[in-house]
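Biologist: I should like to learn how the features of a protein model are read, one after another. Please begin with the packing of a single residue.

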Amino acid sequence: MEGILIGLVLAAGLLLVYGFASQYFLKTEYYTVVSEKLREDRTIVLLADLHGCHHGRENEKLLAEIKKEAPDIICIAGDMTVKNGKHTGEMISLLAKLKEISPIFYAPGNHEIRMPEYEAYRDKLRQRGICYLENESVLFGEDIQITGLDLPEYWYHKCWQRRRMTREILEEQTEPPAGEYFSLLLAHNPEYFPQYAKWGADLVLSGHLHGGIARLPLFGGVISPSLRLFPRYDAGEFEMEGSRMIISRGLGLHHIKLRFFNSPEISVIKLKSENVL
């Protein structure tokens, strides 16, 4: 009996070590989205929530993993920086290197918009050819309309602060998509997915929750930035009313310097044209 107890303790200890160590190992997650609106296949790499952290010296490991995927588009769903503005120079350097791999479409998160020199950061990225979208839409090719949602800080609330998003409020932020295009919405906060679906997004790419900080089998993410326990939209793929949402677990750490059973994520989305299957 004693031997069994020792074995269980050792197994639990190893499991805890593995759960803690997982935060240091990048993981690539793959998703496939098929649509008749697409005229050709594309590969998207989604990045979110790096918060000025590093994967290898000067993020060389992150860059190498992204290069392997040979993306047609790199989409950023916010919070590459931190609200105090530290490490912005390093992030600008990283983004310039990513721009050499493929076009970048970037929508801000709640940390970018609170930086003291936010406008300067945004303008430097635009000067380097990065498509930085603040409630704006652009076309990629002849079939994809990419919209970057820039929600005011008001919409990043704590769970005891009631916020009621509606499609009408969302439409005040940014115009609904043109129906003939495949609508790709970069929206940092996934909490409003029902409204994004009603707005007309075919695909929503989000982050913000860091996968729930810690992840438990069957339960998923444990806590959201709004301090909601076991949030519904934590990580992975969701579907509603013909709209899909993919949420990255994020790449870095911020207030809580811990990820548990929650590897940093590079999300790779394979867009497939229904017409060429």
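**Reading the model: packing, pocket and charges**

Modeller: Leaving aside residues up to four places away in sequence, Tyr121 touches Met80, Thr81, Thr88, Met91, Ile92, Leu95, Tyr106, Glu112 and Met115. Please keep in mind that this is a predicted model.

Biologist: Which residues touch the most other members of the largest nonpolar core?

Modeller: That core has 26 residues, and those that touch the most other members are Leu47, Leu62, Leu95, Leu98, Tyr106, Tyr121 and Ile266. Two or more residues each come from β2 (42-47), α2 (60-69), β3 (73-76), α3 (88-99), β4 (104-106), α4 (118-127) and β14 (265-273). Helix α3 gives the most, with five residues. A second core, separate from this one, has 23 residues, including Ile44, Ile73, Cys75 and Phe140.

Biologist: Let us turn to the backbone. Where is His210 found, and what is its phi?

Modeller: His210 is not a glycine, yet its phi is positive, about 55°. The residue is found in the loop between β9 (203-206) and β10 (215-216). Buried means under 20% relative accessible area, so His210, at 9%, counts as buried.

Biologist: How should Leu227 be read, with its positive phi?

Modeller: Leu227 is likewise not a glycine, and its phi is about 70°. Its place is the loop between β11 (220-221) and β12 (236-240). The relative accessibility of Leu227 is 41%, and the residue therefore counts as partly exposed.

Biologist: Which residues are the closest to the centre of the largest pocket?

Modeller: The space in the largest pocket comes to about 810 Å³. Of its 38 lining residues, the closest to the centre are His208, Ser224, Pro225, Ser226 and Leu227. Leu227 is thus both a residue with positive phi and one of those closest to the pocket centre. By character, the lining divides into 14 nonpolar, 13 polar and eleven charged residues.

Biologist: How many salt bridges does a search of the whole structure find, and how is one to be read?

Modeller: Side chains of opposite charge can pair when their charged atoms come close. The search finds 19 salt bridges in the whole structure. In one of them, Arg39 pairs with Glu142, with the closest N and O atoms 2.7 Å apart. This pair links distant parts of the chain, 103 residues apart: Arg39 lies in the loop between β1 (27-35) and β2, and Glu142 in the loop between β6 (136-140) and β7 (144-148). Both Arg39 and Glu142 are exposed.

Biologist: What is the separation in sequence of Lys68 and Glu65?

Modeller: Lys68 and Glu65 are three residues apart in helix α2, about one turn of the helix. The closest N and O atoms of their salt bridge are 3.2 Å apart. Lys68 has a relative accessible area of 61% and is therefore exposed.

Biologist: Which parts of the chain does the pair of Arg228 and Glu191 link?

Modeller: Arg228 is in the loop between β11 and β12, while Glu191 is in the loop between β8 (182-186) and α6 (193-199), 37 residues apart. Their salt bridge has its closest N and O atoms 3.8 Å apart. Arg228 is partly exposed at 32% relative accessibility, and Glu191 is partly exposed at 28%.

Biologist: Which residues are linked in a network of salt bridges?

Modeller: The network links Arg122, Asp123, Arg126, Glu134 and Glu136.

Terms used. Residues numbered from 1 in each chain as written. Predicted model: local features only at pLDDT ≥ 70, side-chain atom pairs only at ≥ 80, totals over all residues. Heavy atoms only, no water. Core = buried A, V, L, I, M, F, W, Y, C linked by side-chain atoms within 4.5 Å. Buried < 20%, exposed > 50% of the residue type's maximum accessible area, 1.4 Å probe, protein only. Helix = DSSP H or I, 4+ residues; strand = E, 2+ residues; numbered from the N terminus. Contact = heavy atoms within 4.5 Å. 1 Å grid on protein atoms, 1.4 Å probe; cavity = no way out; pocket = protein on both sides within 12 Å on 5 of 7 lines; lining within 4 Å. Points joined across faces, edges and corners; volume = space filled by probe spheres on them. Nonpolar A, V, L, I, M, F, W, Y, C, P; charged D, E, K, R; others polar. Salt bridge = Lys/Arg side-chain N within 4 Å of Asp/Glu carboxyl O.
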